[in-house]
Amino acid sequence: MSKENAIPIGKRGFPLPLGATVLPDGINFAIFSRHGHSVELIIEAFAEDTDAEQYTFSLMPGFNRTGDVWHILLPLYWKKIRYGYRIDGKSDPQERGTLFNNADILIDPYCRMLSPRKWGELSSCGKAPCCQIPLHSFDWKNDTPLKIPLSESIIYELHVRGFTQSETSGVRHPGTYRGIIEKIPYLKSLGITAVELLPVAEFDENDNYFSNPDTGEKLKNFWGYSSINFFSLKSGYAADTGNCIKEFKEMVLSLHQAGIEVILDIVFNHSGEGDYNGTTTSFRGIDNPIYYLLDPETKEYMNFSGCGNTMNCNHPVVRELIRSVLRYYVIEMHVDGFRFDLASILGRDTKGRVLPDPPMLEVIAEDPILRDTKIIAEAWDAAGLYQVGSFSTDKRWSEWNGKFRDDVRSFFAGFNNSVTNLATRIAGSSDLYHPSSRGPCNSINFITSHDGFTLYDLVSYEKKHNRLNGEENRDGENHNLSWNSGKEGQPATRKTENLRLRRIKSMALTLLLSQGVPMITAGDEFGRTQQGNNNTWCQDNETGWIDWSLASKNSGLLRFFKKCIELRKNYRVFRREHFFVVGADPEHAEITWQSLKPGQTDWSSSCHHLAFLLNGLNSHFFVMLNGHRTLSARFTLPSPPGKRKTAKWYEIINTSHASPKDFVSIQYAGALNAGDRIDVAAMTAVVLQTK
């Protein structure tokens, strides 16, 4: 309970920095609003053993305003406060796009922490002061950025809550930052080098309008791609919500000590305020036409995000906000990189048009504080703009390679017209990332991500099964490039399940031995399923959570992933920083393609098999891939490159074999000679190595 008090008088204050800043003589508050006519700062102050006392400070335009920034300096009377803003002005959504309502108590965009609440508790943001000023110290123990080169990186995408929320995880603090700390020994044993966390900025998980059609239970916004404040961490992901910043830092430090980087999936393309029917919590009530893209004629939200609104990312005010957020996470939170959701929106101008040289992209790439960070673009948006390969010519920008995903899926689903594209992807996608300015490491290779089928579901379902999302199966991607291996879903015969397992291993092998940076989705390494749901954004339950019992049940698959990761790490030929040299004589070629016989290729639309020889200098590899659904393919083995033509080949991997015979050490592998013929089963990958 709070009570309204007489209004003390503050000092004029300073326009910069924006946000709430603790100074020796008080707290300085500064907020941008160009079109606002009046600004009130609402303070809820807490003294020991008393109810909150509420104070209202009216900021005078002629005294507390510099340009478009309103500011005030208050004496530091209280140890703990919550604050927010009431901003009023001419509300004219049809003509000016402004939408002021002085009944709203708005979040400061530069606020570092919102009122902590447990997962599922109702939020008061927009209706009560909820901004806080975190005051704490943290011993980073001389932690410094790991700076793992992209060529050495293996990314593991996970959801903080979904990763350990299931009781099968066996952690003491399920669904939290601490839960991730408890799983570090597992992550190290897997061999990944970076975790990519789905959004950790504060959002309202209760803003979902849909319900489970069977039970009527209201669904949650589980994924969290609806930030209401970019700086503030999701307190519901902390075991102790009031110490979410400390817990997050402990997680980052612990991961760094284990040699694992932290990449944040960050959402600047839209906010959680939605369209005009959504809840106003911050940007809309502060200055709607500045923060959002509005149609020049109707002033309706331009919806390039598919979520009701689009941030005006190339307005100077918004650009500065984004840069400040990124710097904060690097400086204060020690994160190692960012994946930008629907990043093509970052390249649209203030009228929604695609810019040839977007200043926002240059700001991020050239910022001196961010120079050591990894920056990864999801190079498309919800309006059909697809920029994979053309997002930026700056080598700093890597991209989620959606074409790698599609081409690997197509080949191992037995589709036609897939061999040529697959070869290009395996070699690093030089058609997308021009060799003169970029390289294989600009390609983040993946087959699955949080958005879409899991790897097991990709080989088990041909259609999405999203009915429980409450949208009558209308949501989610329809173009999945999947094949169910002959039976939709579960249960299936042992023969079908064996084929599924073979396909999973063949795709995983292709991912981990291709040029570029591989990304694995958490749980794929032991065959997790979402029962055919390819859009689990609202499934805060066993469907969206990882079932860790599968790590034991499918231990052979987990072993296979670990061995493939180990192989990639041991041989640089799988993680080159430059594209293969084209036109070298066959004797010294870095990569040599063939179909069934050496020296012969088949790039026809009906071909379903491909092989390639990698010249690894000290050790060579010959990889055979058969993407036919039913027929085996007979390959003739080439001679090893160089002077060692009499060297033998050793079969170290065959995805049609059961574990542990699917991946054996070279000293236990069977020997083969050049000219030998080997039958590769349908949907199988086989790898040979020289000693």
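A contact here means heavy atoms within 4.5 Å of each other. The exercises below concern a predicted model.

**Exercise 1. State which residues Phe248 touches, leaving out residues up to four places away in sequence, and place Phe248 in the nonpolar core.**

Solution.
- Step 1. With residues up to four places away in sequence left out, the contacts of Phe248 are Tyr177, Leu197, Val200, Leu233, Leu264, Met333 and Val335.
- Step 2. The largest nonpolar core has 195 residues, and Phe248 is among those with the most contacts inside it, along with Ile43, Leu197, Tyr329 and Phe340.
- Step 3. Helix 6, residues 316-331, supplies the largest share of this core, nine residues.
- Step 4. Another core, of 12 residues, lies apart from it; its members include Ala611, Leu613, Ala633 and Leu637.

**Exercise 2. Describe the overall build of the chain: its secondary structure, its span and its radius of gyration.**

Solution.
- Step 1. The chain has 13 helices and 28 strands.
- Step 2. Its radius of gyration is 27 Å, and the globule rule gives 26 Å for 691 residues; the two are close, so the chain is as compact as a globular protein of that length.
- Step 3. The C-alpha trace spans about 90 × 50 × 50 Å along its principal axes.
- Step 4. Buried residues make up 60% of the 691.
- Step 5. Of the contacts between residues at least 6 apart in sequence, 72% join residues at least 24 apart.
- Step 6. The accessible surface is about 27,200 Å², and carbon and sulfur atoms account for 50% of this area.

**Exercise 3. Work out which residues are linked with Arg117 in a network of salt bridges, and where the paired residues lie.**

Solution.
- Step 1. Arg117 pairs with Asp204, with 3.8 Å between the closest N and O atoms. A salt bridge requires a side-chain nitrogen of Lys or Arg within 4 Å of a carboxyl oxygen of Asp or Glu, so a pair at this distance qualifies.
- Step 2. The two partners are 87 residues apart: Arg117 is in the loop between strand 9 (113-114) and strand 10, and Asp204 is in the loop between strand 13 (201-203) and strand 14 (227-233).
- Step 3. Arg117 has a relative accessible area of 8% and is therefore buried.
- Step 4. Glu205 and Lys234 also form a salt bridge, at 2.5 Å from N to O. Glu205 is in the loop between strand 13 and strand 14, whereas Lys234 is in the loop between strand 14 and helix 4 (244-257), 29 residues apart. Both Glu205 and Lys234 are buried.
- Step 5. The network consists of Arg117, Glu202, Asp204, Glu205 and Lys234.

**Exercise 4. Locate the salt bridge between Arg348 and Asp381 and say whether its two residues are buried or exposed.**

Solution.
- Step 1. The side chains of Arg348 and Asp381 meet at 2.8 Å, N to O.
- Step 2. Arg348 is in the loop between strand 16 (337-340) and helix 7 (359-366); Asp381 is in the loop between strand 17 (374-377) and strand 18 (397-400), and the pair is 33 residues apart.
- Step 3. Both residues are buried.
- Step 4. The structure holds 40 salt bridges.

**Exercise 5. Set out the surroundings of Pro116 and Thr241, and classify each by relative accessible area.**

Solution.
- Step 1. Pro116 sits in the loop between strand 9 and strand 10, while Thr241 sits in the loop between strand 14 and helix 4.
- Step 2. Leaving out residues up to four places away in sequence, Pro116 touches Gln132, Ser235, Thr241 and Gly242.
- Step 3. By the same count, Thr241 touches Met113, Pro116, Arg117, Lys118 and Ser235.
- Step 4. Pro116 is partly exposed because its relative accessible area is 30%; Thr241, at 16%, is buried.
- Step 5. Pro116 and Leu613, which are 497 residues apart in sequence, have C-alpha atoms 56 Å apart.

**Exercise 6. Classify Leu135 and Thr543, each of which lies in a loop, as buried or exposed.**

Solution.
- Step 1. Leu135 is in the loop between strand 10 (131-132) and strand 11 (155-158). Its relative accessibility is 62%, so Leu135 is exposed.
- Step 2. Leu135 forms a nonpolar surface patch with Val22 and Leu76, and together they have about 290 Å² of accessible area.
- Step 3. Thr543 is in the loop between strand 20 (517-521) and helix 12 (549-553). Its relative accessibility is 15%, so Thr543 is buried.
- Step 4. Beyond residues up to four places away in sequence, Thr543 touches Arg528, Thr529, Gln530, Gln531, Asn533 and Thr536.

Definitions and conventions. Residues are numbered from 1 along each chain as its sequence is written. This is a predicted model: local features need pLDDT of at least 70, side-chain atom pairs count only at pLDDT 80 or more; totals for chains, interfaces and linings use all residues. Side-chain values use heavy atoms; hydrogens and water are left out. Patches are made of residues with over 30% relative accessible area and no salt bridge: like charges are joined within 9 Å, nonpolar side chains (Val, Leu, Ile, Met, Phe, Trp, Tyr) within 5 Å. Accessible areas come from the Shrake-Rupley method with a 1.4 Å probe; for residues, only the protein chains shown count as cover. Helices (H or I, at least four residues) and strands (E, at least two) are DSSP runs, numbered from the N terminus. Buried means under 20% relative accessible area, exposed over 50%, partly exposed in between (1.4 Å probe, protein chains only). A nonpolar core is a set of buried Ala, Val, Leu, Ile, Met, Phe, Trp, Tyr and Cys residues joined through side-chain atoms within 4.5 Å. The radius of gyration is taken over C-alpha atoms; the globule rule is 2.2 Å times the number of residues to the power 0.38.
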